[in-house]
Amino acid sequence: MGNGERDKTGSQLRNSLWNLLFRVLSSTDFARIAWTTVLRGACLFFFKEPIDELPLSDNDASRLALKDRFFGLPDHRVYDLFEFFLVDDHGGLKEMDRKLIRRGLNELLEREGSSVRLYHDRFRPYQDILGFDEVAQAEESVRLFDMAAAKRHMETAVAYLSRRPEPESRGAIREAVLAVAAVAREVASREIRKGGEEAPLVVGSVAHAASSAGIPAGLVKGIDLLLRRAHALSGLPVDGVISPVGEEAVDPREAHFLVVFASSLIVYLKR
């Protein structure tokens, strides 16, 4: 939507988001109380404002009051407001309204060229359809195989990337590296169990899982090069020592790339 400054005139994306909210609430507001309900809930639990002077007996005035607050928010807080409406019952939206908003949001975000998409009622970074799908598949893969640790790490990585107004890039890389380590250990255990031993937990490599996963030797080398880069950037110890790279600033674009790479690798390992 912009650079994080207040945008009271309204960018195209912000205008479109407001128009979506307006169309949905107005289309189902047969009792003409939707805007007063939503305004009261938003002021109590999102804006944390006094409510004694709100125009709660006037539906149209409540709409205008909410509109003024909506257009007065910093860009990243607009997404926070939508997340509040979609997940918090205190927001006052009917479940039908939530479904209609969910149905229209990603199409709107794509049309306006936004860098985020809605996924599980959270706005997450989006640069291309491959990256978005791979993250989703990775989460599904670890869920299907009941690897609780890997699932937590992957979810946390995406949450770090989604932090507003600035992503937590190093934290995202760290969690993605740990998710891969957990999955690789599970895959490697297919072979190691035959000998009655435990699979090692190896961070920054999948060589120990290559045989079980059927990864060609040449591909393993390329994968491990990227994993070692991610490991160094993550701030986690490498051979017991913190890499100097782990203290450098992290480019958010590289963090996004490495998290998507880790997601793709998880999908590959589990197939």
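How many aromatic pairs does the count come to? The count comes to ten aromatic pairs. Keep in mind that this is a predicted model.

## Aromatic pairs

Let's start with two tryptophans. Trp-18 and Trp-35 make a tilted aromatic pair, with 5.6 Å from centre to centre and 35° between the planes. This pair links distant parts of the chain: Trp-18 sits in helix 1 (residues 12-27) and Trp-35 in helix 2 (residues 34-45), 17 residues apart. As for exposure, Trp-18 has a relative accessible area of 4%, so it counts as buried. Trp-35 comes out at 2%, so it is buried too.

Next up is a phenylalanine pair. The ring centres of Phe-46 and Phe-84 are 5.6 Å apart and the planes are at 35°, and because planes under 30 degrees apart would count as stacked and those over 60 as edge-to-face, this pair is tilted. Here, too, distant parts of the chain are linked: Phe-46 is in the loop between helix 2 and helix 3 (59-71), while Phe-84 belongs to helix 4 (residues 75-87), 38 residues apart. Are Phe-46 and Phe-84 buried or exposed? Phe-46 is buried, and so is Phe-84.

## An aromatic cluster

Trp-18 and Trp-35 show up again in one aromatic cluster, along with Phe-22, Phe-70, Phe-71 and Phe-82.

## Helix 7 against helix 11

Helix 7 (residues 148-161) packs with helix 11 (residues 252-270) at an angle of about 160°, and their axes are 11 Å apart. Angles over 145 degrees count as roughly antiparallel, so that is the label for helix 7 relative to helix 11. What is the handedness of the crossing of helix 7 and helix 11? The crossing is left-handed.

Which residues make the contact? On the helix 7 side they are Met-154, Ala-157 and Leu-161. Helix 11 brings Ala-255, His-256, Val-259, Ser-263 and Ile-266.

## A hairpin

Now for the strands. Strand 1 (residues 116-119) pairs with strand 2 (residues 122-125) in the antiparallel sense, over four bridges. One of the bridge partnerships joins Tyr-119 to Arg-122 in strand 2.

The hairpin of strand 1 and strand 2 has two residues between the strands. In this hairpin, His-120 takes a positive phi near 55°.

Note on methods
Residues are numbered from 1 along each chain as its sequence is written. This is a predicted model: local features need pLDDT of at least 70, side-chain atom pairs count only at pLDDT 80 or more; totals for chains, interfaces and linings use all residues. Side-chain values use heavy atoms; hydrogens and water are left out. Two strands pair if DSSP finds at least two bridges between them. Rings of Phe, Tyr and Trp (its six-membered ring) pair if their centres lie within 6.5 Å; planes under 30 degrees apart count as stacked, over 60 as edge-to-face and the rest as tilted. Buried means under 20% relative accessible area, exposed over 50%, partly exposed in between (1.4 Å probe, protein chains only). Axes are lines fitted to C-alpha atoms, for helices over the stretch in contact, and angles run from 0 to 180 degrees between N-to-C directions. Angles under 35 degrees count as roughly parallel, over 145 as roughly antiparallel, 65 to 115 as roughly perpendicular and the rest as oblique. A crossing is left-handed if the near helix is turned anticlockwise from the far one by less than a right angle, and right-handed if clockwise. Contact means heavy atoms within 4.5 Å.
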